[in-house]
Every structure is written in C-alpha cells, then in structure tokens.
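Biologist: I should like to learn how helices and chain contacts are read from a set of coordinates. May we work through one case together?

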Amino acid sequence: MSLLSLNQMKTSIGQYHVLHDVTFEVPQGGVFVLLGRNGAGKTTTLRSIMGLWKPSPGSVTFKGEDIAGQHASDIARKGIAFVPENMGVFGGLTVEENLVLATAKGKFDTTRLKRIYELFPALEQFWTKQSWSLSGGQKQMLSVARAIIEPRELILIDEPTKGLAPSIIDAMAEAFAEIGQSTTILLVEQNFNFAKRLGRGMAVIDDGRIAHTGSMADFAADTALQERLLSLSA
Amino acid sequence: MNQLSQTLGETLGRIGGVNLLPVAVGLIAFVLIGAPSSWVTLTVAGLSMGMMIFLMASGLSLIFGLMDVMNFGHSAFVSFGAFVSASALAYMSGWLGADSIFLNILALFLAFAAALAFGLVAGWFFEVVIIKPVYHDHLRQILITMGALIVSEQIILAVWGGAPVSVPRPAFLEGSWLLGDVTIEIYRAFAFALGLAVYIALYFVLKRTRIGLLIRAGVENREMVEALGFKINRLFVGVFMVGSALAALGGAMWAGYETLITPALGGEMMIVVFIVVIIGGLGSVEGTLLGAIMVGLMANYIGFLAPKLALASNMILMMAILLWRPSGLKPAVK
Amino acid sequence: MTQDTTKGALFIKATVLTLGALLLFAPFLFQDTRSLEVAARICIFVVLVASYDLLIGYTGIVSFAHTMFFGFGAYGAAIALKKMGPGWDAVLVGTLAGLAVSIVVAIAVGLLSLRVKAIFFAMITLAAASVALVLASQLSDLTGGEDGITYKAPQIFKTATKLMVDENGKVARLFGVKLNGKLAAYYFVFASCLALFVLCLRMVGSPLGTVLKAIRENEARAEAIGYRVVAYRTFVFVIAAIAASLAGTIYAVWLKYTGPDTALSFTIMIDILLMVVIGGMGTMYGAVIGATLLVIAQYYLRDLMGAASEALHGWPLLPELFAPDRWLLWLGIIFILLVYFFPKGIAGTISAMGARS
C-alpha cells in the first residue's frame with residue numbers, strides 16, 4: 001500500500017481554481033518527485049497536503065486515513081513535515097531555537113542531532129546565531145534539519161535548490177539521498193538534473209492536473225515526453 | 001586606530017543603536033532645562049509614565065504581531081482596569097488608610113488583581129466573541145473593534161457615571177522622597193519598578209520558555225508554526241487575554257497616578273498607545289518599551305519646556321520616526 | 001454592475017429620490033424650527049457620509065480624520081466671519097482657507113501613511129484628528145477654545161430678512177411659510193449639499209471609480225497593471241477631504257456657531273461611521289439613507305429612550321442603560337451586529353435582493 005495517495009484533489013484559492021484533478025500515489029520509501037512548469041500547481045499541491053490550503057472535494061489519504069480538511073497542526077502531528085519554498089526559517093530565533101521548536105517535547109534526541117551535525121556541519125558552527133544572519137544555503141539546511149529532528153514518515157520539500165550555489169546543491173542531493181533511505185520524501189523541483197539524480201517515482205503536474213506518472217528512469221529516457229510536458233514553449 | 005573606531009562603532013551598535021535614543025533625548029533635555037533637580041524629577045516622571053504606557057501598549061503590539069489583528073478597542077481594557085481598581089480600592093479604603101503596611105499592600109494587590117482578572121475575562125470574551133469572526137478582514141476588524149470600544153465606553157458611563165471618580169492611594173505610596181533638592185514622588189518610583197518587573201517577566205517568558213519561543217516564531221511566520229504541529233489560534237487566545245490583562249493593569253496604575261479619573265481616559269490613552277506601538281514597531285515588545293519610554297520622556301520634557309506643544313509633541317515624534325524608519329524603531333523580524 | 005437593475009436597487013433609488021424630495025420641500029412639509037434643523041443636518045451629513053464612502057467603500061481605506069477636515073472648513077468660515085464681519089467675502093475667504101489647510105494636511109498624511117498598511121493609516125489619522133481637536137481647544141485666541149465661536153451669517157440668511165413682502169410690508173408667505181432669510185439659508189444648504197453629493201456620485205461612476213474598485217479588489221495586481229496605487233489613494237483622500245471641508249463651511253454658515261462639539265469632536269466621526277455602515281458601504285445611495293435614519297434617531301430616539309428609562313424605574317442598572325444619554329450604547333451594538341451580519345448595510349443588502357430573479 002502506498003504511503004500517501006491523492007485522489008481527485010481540487011483546491012481553490014479565492015475565486016481561482018488552482019488544482020482541478022490531482023491524483024497520484026507516493027510509495028513508501030525513497031524520493032518521489034513532482035515536476036511541472038511554473039504555475040502548474042506544484043506548491044499548491046504540497047500546501048494542500050499539509051493542510052495550509054483546504055482541498056475540496058477529493059481525498060488525501062495518508063497511511064490509510066483521509067486527512068483532507070484537517071488542521072495543518074494535526075497533519076504535522078501525524079508525521080508529515082514541510083520544507084516550504086521560502087524555507088520558513090524564523091529569522092529572529094537562533095539555529096538552536098528553530099530546531100528546539102520542531103521537536104515534539106522541547107528536547108533533542110542526541111543521535112538525531114548528531115546525524116544533523118554530520119549532514120550539515122554549518123548548523124553546528126552557527127548554533128547560537130540568529131538565523132536571519134545565515135546564508136541562503138544554510139537557511140535551507142536549517143529548514144531541512146527541522147524536518148528530520150523528529151522521526152517523520154513523509155517530508156514535503158518545495159524547490160530546495162532554488163537560488164543555491166552548485167556546491168550546496170550537491171550537498172543537498174547527498175543529504176536527501178541519505179534521508180530518503182529511512183523516510184519518504186515528496187520533492188517538488190524545477191531543476192530536472194537534480195530531480196533525476198534523486199527520484200525513484202515521479203509525476204508531472206500541468207495546469208492543475210496530473211499529466212503523467214511513472215518511474216523516474218523511464219521518464220528520464222523519454223526526451224520527447226519531457227519536451228512535451230516540461231518545456232516552456234509548449 | 002581605524003580598527004578601534006570600528007570596534008567602537010560595533011560596540012555602540014551592540015549596546016544601543018536605537019536603544020540610545022532615550023538617552024540622547026535625556027541629554028538634550030538636560031541642556032535645555034538647565035536645572036539638574038528639575039531634570040531629575042521630570043526624567044523620573046517620564047520613565048514612570050513610559051512604563052505605565054508600556055503596560056498598556058505591549059499587549060496590543062504582540063496581538064497584532066501574532067495574528068495581524070488590530071484591536072481598536074484595546075483602550076477599553078485600560079479604562080475598565082482603571083475603574084475596576086478604583087472601585088476595589090474605594091471598597092477597601094479602610095485597609096488603605098490603616099496603619100499597617102501589610103494591609104496597605106494587600107489592598108493594593110487585591111485591587112490590581114481585580115483589574116488583571118477583569119482583563120483576562122474581558123480579553124477572552126473580546127477575542128472569542130468579537131474578533132474571531134473577522135480574522136483576516138482588516139476593514140471589518142477596525143469597524144467592529146471600534147464599535148466594541150463605543151459600547152465599552154457607554155457601559156463605563158452607565159456603571160460609573162460621567163463624573164470624575166477619585167482614586168484612593170495606599171498610605172505608603174503617598175508623598176515623596178527628598179534627595180538633596182530633588183523631589184521624587186513615591187508613586188512614580190513604584191510605577192516604574194512595577195513596570196520594569198513586568199517587562200523583565202515578559203522578556204524572560206519570551207526568551208526562555210517554549211511558549212515564548214512559539215510566540216516569537218508565530219509573530220514571524222504563523223503558517224510555519226502550524227506546519228510544525230502547533231495550534232496557533234489557542235496560543236493567540238492566551239496572548240490576547242494576557243495582553244488585555246496587562247492593559248487593565250496599566251489602567252489601574254494610571255488611575256492611582258492620576259488620582260482622579262473620567263471615562264475619557266480610555267480615549268486619551270488610546271492615541272498615546274497607538275503612537276507608541278507605531279514608533280516601536282508592531283509585534284516587538286522591546287520596541288514597545290522603547291517607544292513608551294520615548295513618549296513618556298518627551299511628554300514630560302516638552303510639558304515643562306513648552307506646555308502648549310506637549311500634546312502635539314507625540315504626533316511630531318511619530319511623524320519624524322516614521323519618515324526615518326517606516327516600520328518603527330524595532331520591528332519584529334519578518 | 002448588474003445590480004442596478006434588480007428590484008431592490010430600484011427600490012433603493014426610489015427611496016433616495018423620495019428622501020431627496022422630502023428634503024427639498026422640508027420647510028413647507030414640516031413647519032417648525034426643529035424640523036428644519038433636522039433637515040439641514042441631514043443634508044450636511046449626506047455629503048459627509050458620501051465623501052467618506054469614497055474612502056471606505058470605494059477605496060477600502062479607513063480614515064478617522066474625516067471630522068478633522070469638516071472642522072477645518074467650519075473653523076475657516078467661523079474665524080473669517082468673526083474677524084471680517086458677516087459678508088460673502090468672509091465666507092469666500094473662510095472657504096478657501098479651510099480648503100487650503102485641508103488639502104495640505106490631506107496630502108501630507110496621505111503620502112506619509114497611505115503606502116503602509118490600512119491599519120497604520122487608520123491609527124495615524126486617528127492620532128492626527130486628536131491633535132487637531134486638542135489644538136482647537138488650546139488655540140483659544142483663534143478658535144474660542146471649548147466655548148467655540150458665535151458670529152453672524154451674511155445678511156440674506158438672517159431670520160429677520162424679508163425675501164419678499166406683501167402689500168402691508170410684512171414678510172410674504174407661501175403655503176403658510178414665511179419667505180425669510182431662514183428659508184434662504186436652508187436652500188443654500190440644500191443646494192450646495194445636493195451639488196456636492198452629485199459630484200461624489202459622478203466620481204464613482206467615472207473611470208476613476210473603476211480604477212478605485214480595481215485597487216480595492218486586488219492592490220498588488222492593480223499595481224502590476226501600472227496604476228500608481230499611492231497616488232490614486234492620496235488623490236481620493238484629498239477629494240474626500242475637500243468635500244468634508246466644504247460641508248464644514250456650509251454647516252458653519254447655517255449654524256452661526258462653531259465649536260469643538262459641532263465641528264471636530266470624535267462623536268461626529270462615530271456618527272459618520274455609523275451612517276456609512278448602516279446605509280451601506282460602497283453604495284453612495286446608502287449615504288442618504290444612513291444619514292437620514294441616524295439624524296432622525298439622534299433627535300427623536302432620545303425621547304423614546306427617556307420614556308423607556310422612566311418605565312424601567314426601580315430596576316437595577318436598566319434605567320441607566322436606557323437613559324437618553326446612552327443611545328450610543330444601543331447604536332454601537334446595532335453597528336457591531338450590522339458589520340457581522342449585513343456588512344453591505346441597508347442599501348447594499350436591499351439592492352442585492354431579487355438579483356437572480
């Protein structure tokens with residue numbers, strides 16, 4: 001059984017219908033990539049899963065339970081973490097405070113913390129700095145670290161490579177590959193090379209509908225399909 | 001040498017920056033006033049006034065920061081706090097005049113507790129009944145909270161009447177200390193100390209506790225706090241209640257400071273409170289303290305130097321600061 | 001707007017026209033001084049509320065300084081009439097002085113604070129208005145302080161002035177109404193207010209009104225399309241200030257007295273808010289309905305409440321709550337309920353009726 005399945009999810013923001021019919025399944029484990037052009041509805045899909053927009057009608061089934069329409073905080077408590085496009089780091093809080101806030105009980109699990117230090121050494125270095133002073137890449141690391149400080153089942157990550165330097169992108173890719181071994185990641189990405197490296201399963205969204213779903217290996221091989229679904233000229 | 005001036009600048013920035021503004025104002029006033037004893041008296045008066053205004057304004061600022069909700073009826077809590085504690089004090093006037101300092105303090109404490117309790121309950125009612133239906137709709141929020149302010153003022157008029165109400169003070173806060181040729185009213189020193197204590201408590205809660213962490217995070221990014229698994233609406237009700245209670249406490253202290261209060265008090269304080277939160281930067285407790293101290297000092301200095309300008313001075317101060325820093329002196333990081 | 005053709009909209013238009021006709025013939029229909037006071041006050045408030053609706057209803061900005069501009073106009077005329085004596089030159093100078101101050105202040109406040117959030121603007125205008133009120137009571141040499149200024153209106157508006165005389169040399173009557181200066185003064189108020197109201201109506205019907213609507217609906221998009229939002233808002237703010245200032249001048253000429261209570265107090269601001277919400281924000285016609293209802297309530301509801309208070313004598317607190325002075329309490333409650341349940345007010349709610357039939 002898949003970990004997360006979306007069935008005919010529709011979302012309206014104000015008077016605009018952004019998602020018309022989003023249906024796909026995210027299997028347990030590994031990185032699942034959601035691709036699509038600008039404005040196709042990728043971010044809205046993630047936010048609807050997280051409960052930050054209310055989808056209606058349609059269902060969002062997580063571990064066999066329909067979570068559509070539940071409050072974001074309840075969805076988070078079920079084991080879904082969110083790494084938003086703007087990273088959502090609390091600038092007035094230190095790195096430590098940002099991470100403490102993401103723990104369930106206000107205490108760190110030392111093995112998890114050690115793992116985070118290994119993945120992102122910069123965070124240990126700037127532990128007591130206010131996070132507005134971090135670089136973009138470091139903020140992204142903090143945002144991802146916040147998502148894995150507690151055991152989660154599913155992490156929603158929105159365009160983590162946007163505006164980052166290539167060296168940091170590589171570090172991110174390694175981190176995601178490692179995290180993906182124990183946790184499922186639903187990754188929204190514009191950078192196709194990055195997505196290709198990580199993704200096992202994938203889906204393409206276009207104009208608020210799922211246009212294609214399958215394995216990343218097949219999709220990467222089919223340049224015509226890529227051209228049709230992702231190129232800007234289409 | 002160059003390095004020295006750089007470190008000096010950095011140190012200055014670390015210890016002060018805009019925090020040094022009240023000091024600068026104080027220094028300029030010292031030169032203009034000339035007489036050191038008057039200057040000390042005015043400065044103490046300004047600081048204690050600033051602390052009371054801080055109590056009234058801090059809640060408003062946090063409430064706005066956390067939920068983007070502007071409560072135009074906030075000053076109703078100030079008025080109610082003043083009148084509730086005035087009534088409580090009048091009821092316990094025997095204890096106030098008693099020779100025992102213990103009874104004095106107990107009476108004062110009970111009166112303040114009555115104001116705080118009223119603020120908590122009224123704040124809960126306000127948030128749940130009046131404001132909750134109009135989250136995210138500024139226009140209706142302004143109108144509805146303004147309507148609530150009108151109703152509250154009318155209720156005060158109906159209950160306490162329109163005539164000025166005199167507020168008894170406990171015996172131990174009457175009179176003043178004489179240090180050389182400097183007079184310091186005891187009540188002012190007390191108001192300053194109590195305000196400072198509340199500020200330190202607030203600061204501790206915000207910086208050292210998990211609730212405080214959540215509030216600071218929520219002020220910056222409400223949605224992300226929810227995505228981390230917290231229900232911010234519940235937190236907000238709590239902040240609203242505490243903010244309202246602090247306003248009521250500020251009103252209660254103000255009543256003792258003025259010793260004669262009228263229902264117009266709320267409206268007068270509302271303007272000052274607005275100016276303070278705008279100057280300080282909405283959402284920031286430190287900024288509110290800074291704004292309140294500035295307004296308190298300016299009101300006293302200018303009241304002494306150029307009485308005719310006293311009331312317009314706040315407005316001029318606000319305009320000047322807005323031109324310099326459009327989002328206030330110390331806005332919460334967004 | 002498709003709403004213009006609904007039965008409800010027609011009903012509202014008919015009501016407004018009827019009210020207009022009643023105001024036009026008020027001196028003949030209700031032949032006592034109090035009624036004429038009420039009618040003149042309604043005229044003035046229609047202009048105040050309509051110009052305020054330009055801000056709150058059509059532009060989505062909340063100002064608490066509308067009375068301040070009203071006061072500038074009133075004090076301008078009052079001071080000029082006091083210092084220069086009763087004459088049209090004084091009225092003209094007063095009008096221009098009031099307008100000049102209003103325009104300068106409106107531009108300053110607008111440019112300074114309209115680029116920030118609506119809430120900031122509301123708070124800043126509130127602060128500005130309170131400073132104006134304090135200044136009016138402090139600069140007593142000029143404004144007469146709390147007591148205000150009493151002065152004479154131009155000759156033609158004096159009650160003793162005979163517009164027409166009969167064969168005996170007495171003031172002529174038409175349908176029993178004396179054709180005296182009071183009548184002239186009323187028609188001066190009525191005609192000027194009608195002109196200002198029609199101007200406001202034309203404004204919202206013009207292309208400017210369409211732009212304003214676009215800004216109110218979606219500020220970011222309007223900005224992206226290329227409208228200079230701050231400039232437009234400041235412009236509307238200035239226009240509203242001009243209308244309020246002129247209304248103030250007219251009222252000052254009519255009352256022959258100007259003081260903080262009649263021209264600047266926050267109570268007037270609350271009245272305007274109540275009228276615009278009760279009448280209906282963003283409808284213009286609502287201004288006529290709201291102003292009429294509230295002014296009549298102000299004059300006559302108090303009598304009713306006085307009776308209720310008497311009847312409740314002996315109960316705890318209840319007589320206090322129904323005392324005539326507490327009428328704002330009830331209006332405040334009605335106001336809150338209206339904002340919750342009928343945010344479009346009377347005109348907006350009724351206009352929407354029958355929309356789909």
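Modeller: Certainly. The model is predicted. We begin with helix α6 (residues 136-148) of chain A, which has 13 residues; at 1.5 Å a residue it should span 18 Å, and its end C-alpha atoms are 19 Å apart, which agrees.

Biologist: Is α6(A) largely enclosed or open, and why?

Modeller: A residue is counted as buried if 20 or more other C-beta atoms lie within 10 Å of its own. In α6(A), 12 of the 13 residues are buried, so the helix is largely enclosed by the rest of the structure. Among the buried residues are Gly137(A), Lys139(A), Met141(A), Arg146(A) and Ile148(A).

Biologist: Against which elements do the buried residues of α6(A) pack?

Modeller: Their partners in chain A are the strands β6 (80-83) and β7 (154-158), together with the helices α3 (95-102), α4 (110-119), α5 (121-125) and α7 (166-182).

Biologist: How many residues do chain B and chain C bring to their contact?

Modeller: Chain B gives 30 residues and chain C gives 34 residues. On the side of chain B that touches chain C, α7 (138-160), α12 (265-280) and α14 (310-324) of chain B each supply at least two residues. The largest share, 15 residues, belongs to α7(B). By class, this side of chain B has 24 nonpolar, four polar and two charged residues.

Biologist: What does the contact between chain B and chain A take from each chain?

Modeller: It takes 17 residues from chain B and 20 residues from chain A. On the side of chain B that touches chain A, two or more residues come from each of α9 (210-220) and α10 (222-227) of chain B, and α9(B) provides the largest share, six residues. This side of chain B divides into nine nonpolar, two polar and six charged residues.

Methods: Residues are numbered from 1 along each chain as its sequence is written. Chains are lettered from A and ligands numbered from 1 in the order in which they are written. This is a predicted model: local features need pLDDT of at least 70, side-chain atom pairs count only at pLDDT 80 or more; totals for chains, interfaces and linings use all residues. Two residues are in contact if their C-beta atoms, placed from the backbone, lie within 7 Å. Helices (H or I, at least four residues) and strands (E, at least two) are DSSP runs, numbered from the N terminus. Ala, Val, Leu, Ile, Met, Phe, Trp, Tyr, Cys and Pro count as nonpolar, Asp, Glu, Lys and Arg as charged, and the others, Gly among them, as polar. The expected span of a helix is 1.5 Å times one less than its number of residues.
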